[in-house]
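Pull up the model and let's walk through it together, from the sheet outward to the charged pairs.

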Amino acid sequence: MDDHESNSEPDALIRFEVTRRTVVETGTTALLLTALPRAAVAAGSVDNKEPPPPSVSVTLQINGHSHSLTLDPRTTLLDALREHLALTGSKKGCDHGQCGACTVLIEGRRINSCLTLAVMHDGQSVTTIEGLAQGTNLHPLQTAFVEHDGFQCGYCTSGQICSAFGMLAESRSGMPSYVTDDLTKSAAELTDVEIRERMSGNICRCAAYPNIVEAIKQAAGVPT
């Protein structure tokens, strides 16, 4: 091996090490530059927040009483009830409209209050679980749920009862369900299968479904 060859190998090694170090240094510099804006925002030196939308005035007729509220237009009906009016009977379960714990009645129709905005119901009648009883006299559905032990932990119960109230009204008006056999009848027969289908949007994690069905049948006057 001549002198030229022996000297070329260290040069190549040095060039490789410098190239690798350059890559590491470049990557580190890029990472620091990327983190700087986040750190600035966290420190408050950069205001990256959009201003909230202006508040709006809403009047809700809740359980027979008028309530005037000034709300962020993004406020859900459920949050307006719970956070602004202290009507905590309606529960926040999944907050995605999948469990039914937040069910209330809008103009007599059942609705998931977590999926609708309060401003959408300005001037409309809202009935919550607190509005079903007449003073100390429970609504027949509430009485039936107690008598048939239609609840265990009770978290879903207010939504179950409000949903059952709306469901019975739908049935009496002749509204069919997916399992209704005879569409010529003025109202579907409230069999166990019919009730379960109509109440399928309300989940009970304690699995008190048989007792809930029996309670609804009693309130509807169906032989149990």
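In what order do the five strands of the open sheet come? Reading across, the order is E2-E1-E5-E3-E4, with mixed pairing. That leaves strand E2 (65-71) and strand E4 (109-112) as the edge strands, each of them pairing on one side only. Ignoring direction, neighbouring strands of this sheet are turned by 40° against each other on average. Keep in mind that what you're looking at is a predicted model.

Let's zoom in on one edge. Strand E1 (residues 56-62) pairs with E2 in the antiparallel sense, over seven bridges. If you want a spot to check the register, find Ser 57: it stands opposite Thr 70 in E2.

Now for the helices on the sheet. H2 packs on it and touches E1, E2 and E3, with a direction that makes about 100° with that of E2. Helix H4 (residues 157-172) packs on the sheet too, but its contacts there are with E3 and E4, and its direction makes about 40° with that of E3.

H2 deserves another look. Leu 77, Leu 78, Ala 80 and Leu 81 are buried in this helix, and the buried residues of H2 pack against E1, E2 and E3. After H2 comes Ala 86, which has a positive phi, near 60°.

H2 also brings us to the charged pairs. How many salt bridges are there? The count comes to six. One of them joins the side chains of Asp 79 and Lys 92, with N to O at 2.8 Å. Asp 79 belongs to helix H2 (residues 77-84), while Lys 92 sits in the loop between H2 and strand E3 (103-106), so this pair ties together parts that are 13 residues apart in sequence. Lys 92 has 30% relative accessibility and therefore counts as partly exposed.

Further along the chain, Arg 198 forms a salt bridge with Glu 194, and their closest N and O atoms are 2.9 Å apart. This pair stays inside one helix: both residues lie in helix H5 (residues 192-198), four residues apart, about one turn of the helix. Are Arg 198 and Glu 194 buried or exposed? Both are buried.

Helix H6 (residues 209-220) holds a pair of its own, Glu 214 and Lys 217, three residues apart, or about one turn of the helix. Their side chains meet in a salt bridge at 3.9 Å, N to O. Why does Lys 217 count as buried? Its relative accessibility is 9%, and buried means under 20%, so Lys 217 falls in that class. Glu 214, at 23%, counts as partly exposed. The story of this pair has a third member, since Asp 192, Glu 214 and Lys 217 are linked in a network of salt bridges.

Finally, step back to the whole chain. The protein chain has six helices and five strands, and from the N terminus on its elements run α-β-β-α-β-β-β-α-α-α-α. Of its 224 residues, 31% are buried. Take the contacts between residues at least 6 apart in sequence: 51% of those join residues at least 24 apart. As for the outside, the accessible surface of the protein chain comes to about 13,700 Å², and carbon and sulfur atoms account for 54% of that.

Terms used: Residues numbered from 1 in each chain as written. Predicted model: local features only at pLDDT ≥ 70, side-chain atom pairs only at ≥ 80, totals over all residues. Heavy atoms only, no water. Salt bridge = Lys/Arg side-chain N within 4 Å of Asp/Glu carboxyl O. Helix = DSSP H or I, 4+ residues; strand = E, 2+ residues; numbered from the N terminus. Buried < 20%, exposed > 50% of the residue type's maximum accessible area, 1.4 Å probe, protein only. Pairing = 2+ DSSP bridges. Axes fitted to C-alpha atoms, helices over the stretch in contact; angles between N-to-C directions. Contact = heavy atoms within 4.5 Å. Areas by Shrake-Rupley, 256 points an atom, 1.4 Å probe, with all protein chains shown as cover.
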